[in-house]
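Student: Hi! Could you walk me through this one before I head back to the bench?
Tutor: Happy to. Let's pull it up.

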Amino acid sequence: MILDLQHEQHQAADPHAGHDMGSMKPAAEAAPPPVVTPRAADRLFDPKAMAAARAQLMVEHGGASVWTVRADQLEYRARKGADAQAFEGEAWWGTDAGKWVVKARGERIDGEGWEKGEAELLKAWPIGPYFDLQAGVRYDLAPPKLSKGGRSYAALGFEGLAPYWFEVQGAAYLSDRGDVSARAEASYDLRLTQKLILQPRVEADLAEAGAATLEGGLRLRYEITREFAPYVGVVRERAFGPAVVAGERAGSTAVVIGVRAWR
Amino acid sequence: MMTAFDRRTLLRGALGLGAVGLLPAWARAGEVGRSPAALSGEEIKLTVGHQMATIDGRSGHAVTVNGSLPGPLIRLKEGQNVRIAVTNALADEDTSIHWHGLLVPFQMDGVPGVAFPGIKPGETFTYDFPVRQAGTYWWHSHSGLQEQVGLYAPMIIDPAGEDPIGYDREHVVVLSDWSFLHPHALFRKLKVNPGHFNMQKQTFAGLLAGQDQSLKDRVAWGKMRMDPTDIADVTGSVYTYLVNGHGPGDNWTGLFASGERVRLRFINAAAMTIFNVRIPGLSLEVVAVDGQPVSPVSVDEFQMAPAETFDVIVRPTEDQAFTLVAEASDRSGLARGTLAPRLGMSAPIPPVRKRPLATMKDMGMGNMHGGMDMPGMDMSMRSQSNAPDVPLTPGVQTIAPMPMDRMAEPPQGLEDVGHKVLTYAQLANLHESTDKRPPGRTIEIHLTGNMERFMWAFDGEAFGPIKKPIAFRRDERVRVVLINDTMMAHPIHLHGHFFELVNGQERQPLKHTVNVAPGGKVAFDLTASEPGDWAFHCHLLLHMHAGMFNVVTVRPLDGEAA
Ligand SMILES: [Cu+2]
């Protein structure tokens, strides 16, 4: 009854009390109470069992690790001269706070063996809602054409989603011989239908002394499932400056057929 | 190699009653009478186990209670005491049961790591509590993702006195979503590819056909990296939507006699699905929400989020069947049942309607139509000035610049359906409020997320890493304002309490779960009358799993100095 009376008086003084739809704030503000620990259940149950359950609670409510393995390209490249097979993919494992990333790519030419083969092991941290910073090492296999051994690099890069839904990544590399190179990639998924997707993609590789290669691809894939999508496409590669190997053409075009798959 | 146990359970699954094979009596088609068969009394025994369930002729792993999916109906009486012994017969997994919407001592609330340590394999935990309320409730696991694989069931509590809701017959209608993919696989796929299950994205073919957004809008949304078709995370592409454990083809049927007032106790026990519920040809009189009676409101359709319950009276007078339709909010599928005077009858199933598209308003842009010029306000998508207390972590994709109270609007996708749709603003408590004090303080909680990383949290920080609880003084009256900074609706549930929705009604309705519209805000008044630690979380299971969870502390405890 006393409560009711107080309520009446309050209503008279403040017609918005109770259901103020504007600011949604009451007239007077009390201070919030201090945050309390020990947890209430620790008084009633074995604190050790509670601590274990709490650790599990953390994992199950935002602390979970996830993983994936993917082949973005696994393709046959038909072109003038020797045909080739190419692979590009990555795997990652970790939580929202940080992940381990393994990237690998390679190209094998009929009759010549592996032309390129490289792997990166990176640690990734989120920077902002869309991008990860990645740092780690890269190792290139020695191409059989070259007599020298493999090469290792320190790698620092980023990967993420740019405005207008462009998937982009870039990295700078410092090799064990002291030279610096860089790579950048961008791709876009144009969704023709729910399952038919046209993907333009460009990649630029830059080394010291002006050597560069540029690769542009256009792939049309059909997502039989989201995880398994065969594709056809065309890839155009071109080398510039010292990257042009003596006696070879600077550019080549390949018709590709392949599959994009992940788990 | 198949063990004897596996073979037996498989056979039982394949040869059982109905298409699901594990149906408890209350969920079977044509269940008659005023009270569906139930477990009741002061001593109840439940056993959580693993079984194969057959749904639509396919079998999958399920976690069941007393061998049924959904679990057995528990029917209690207000004022009684109950002891519920729960035995964990799972081989290698803890379990738990949370009594959803029930006012219980906190240590009986069933959340491992908050209320108690959980139930280890082979162990039995006895829940022991007085029943202090009446109405339609439910119960479910709070361990792992067991709720997605079958551990949920209804609970009805009959009032001590006369029921304020008069009816001749009742049916319990438990809506849920079932996937043959393991819930951890669902979660992982969303983490890797957030649009994974959305098979209704905008396409170039659609653009040429003049569907969906204009090119200009598509470019503007693309610039923001926002997908207007992101209505539901997990969809009909992998879900079968169930009525009382029956797939749409299995057609669960509830009987009625012409002219009866039939009470339908709708419970949304889905892990991830918001349903739009209607029964073409019948008006739905909403008489209770989240177990608590409201002044009756007659509508043609209502939206219910996971964890909500709606009691509805229908009064069919014709000798014909009516289809009960519960359409997923993204319109990727539906749950279907039938109300009929006799078994074996059915009515036409209306086609699934076109999926809605999110708007600028769903992004918290208020009433603007595309434009971004609002004098004196920072209308950018992620401005600290619009939420000074929320750290701009990678989990915060957007901060709503102008969140609106949207409780008087029809829920997402039901704006233009051409018939009467329930809004939260229409709900009024049937009874006077028991606490008429104005709130002494206000707290704001932002519902934040990043669709591109499938990160979900309160105030930008997932529970997982480490998070401070939300503290209440015992018996204080607090106003809680939930601001949805994301483009998705979130059903937010507080354990152990009812709160009053500040929806403009003189008698504010009591709820335990409130679905906060995208870009919207909701206020509720709460009397923190229940001492202890309580879970507070989004009831979309995978949002909770991603971190949209916290603990509420109410102090002092009994016997503790203030
Ligand atoms: Cu949520």
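**Chatting through the interface and some local details**

Tutor: One thing to say up front is that this is a predicted model. Between chain A and chain B there are four salt bridges.

Student: Nice. Which residue does D132(A) meet in a salt bridge?

Tutor: The partner of D132(A) is R453(B), with 2.9 Å from N to O.

Student: And how many residue pairs are in polar contact across the interface of chain A and chain B?

Tutor: There are 25 such pairs, counting those with both residues at pLDDT 80 or more.

Student: Which elements of chain A give two or more residues to the side that touches chain B?

Tutor: The helices α1 (2-13) and α2 (47-60) do, along with the strands β1 (66-79), β4 (113-127), β5 (131-140), β6 (151-162) and β9 (190-191). The top contributor is α2(A), which gives seven residues.

Student: What's the mix of nonpolar, polar and charged residues on that side of chain A?

Tutor: You get 39 nonpolar, 13 polar and 16 charged residues there.

Student: How many residues are in contact overall, chain A with chain B?

Tutor: On chain A, 68 residues are in contact with 87 residues of chain B. Together the two chains bury about 6,500 Å², and 62% of that is on carbon and sulfur atoms.

Student: Okay, new topic. Which residues are buried in helix α4 of chain B?

Tutor: In α4(B), residues 215-223, the buried ones are R218(B), W221(B) and G222(B). They sit on the same side of α4(B) because they cover an arc of only 105 degrees around the axis.

Student: What do the buried residues of α4(B) pack against?

Tutor: They pack against α3 (204-208) of chain B. After α4(B) comes R225(B), with a positive phi near 55 degrees.

Student: Which other residues have a positive phi without being glycine?

Tutor: Y164(A) is one of them, with phi near 70 degrees. You'll find Y164(A) in the loop between β6 and β7 (166-175) of chain A, and at a relative accessible area of 35% it is partly exposed. D459(B) is another, with phi of about 50 degrees. D459(B) is in the loop between β22 (455-458) and β23 (470-473) of chain B, and is partly exposed too, at 23%.

Student: Any cis peptide bonds I should look up, and where are they?

Tutor: One joins L69(B) and P70(B), with omega about -10 degrees. P70(B) is in the loop between β2 (58-65) and β3 (74-77) of chain B. Another runs from R555(B) to P556(B), with omega near 0 degrees, and P556(B) lies in the segment after β31 (549-555) of chain B.

Student: Back to chain A for a sec. Where is K116(A) found?

Tutor: K116(A) is in strand β4 of chain A, and its relative accessibility of 40% makes it partly exposed. Leaving out residues up to four places away in sequence, K116(A) touches R105(A), G106(A), E107(A) and E237(A). K116(A) and G106(A) are 10 residues apart in sequence, with their C-alpha atoms 5.0 Å apart in space.

Student: Last one: is T423(B) buried or exposed?

Tutor: T423(B) counts as buried because its relative accessibility is 10%, and the cut-off for buried is under 20%. T423(B) is in the loop between β20 (404-405) and β21 (441-450) of chain B. Apart from neighbours within four places in sequence, T423(B) is in contact with M407(B), A408(B), E409(B) and P410(B).

Student: Great, thanks!

Note on methods. Residues numbered from 1 in each chain as written. Chains lettered and ligands numbered in written order. Predicted model: local features only at pLDDT ≥ 70, side-chain atom pairs only at ≥ 80, totals over all residues. Heavy atoms only, no water. Contact = heavy atoms within 4.5 Å. Buried area = accessible area lost by both parts, 1.4 Å probe. Salt bridge = Lys/Arg side-chain N within 4 Å of Asp/Glu carboxyl O. Polar contact = N/O pair within 3.5 Å; in protein donor to acceptor, adjacent residues only side chain to side chain. Helix = DSSP H or I, 4+ residues; strand = E, 2+ residues; numbered from the N terminus. Nonpolar A, V, L, I, M, F, W, Y, C, P; charged D, E, K, R; others polar. Buried < 20%, exposed > 50% of the residue type's maximum accessible area, 1.4 Å probe, protein only. Arc of directions from axis to C-beta.
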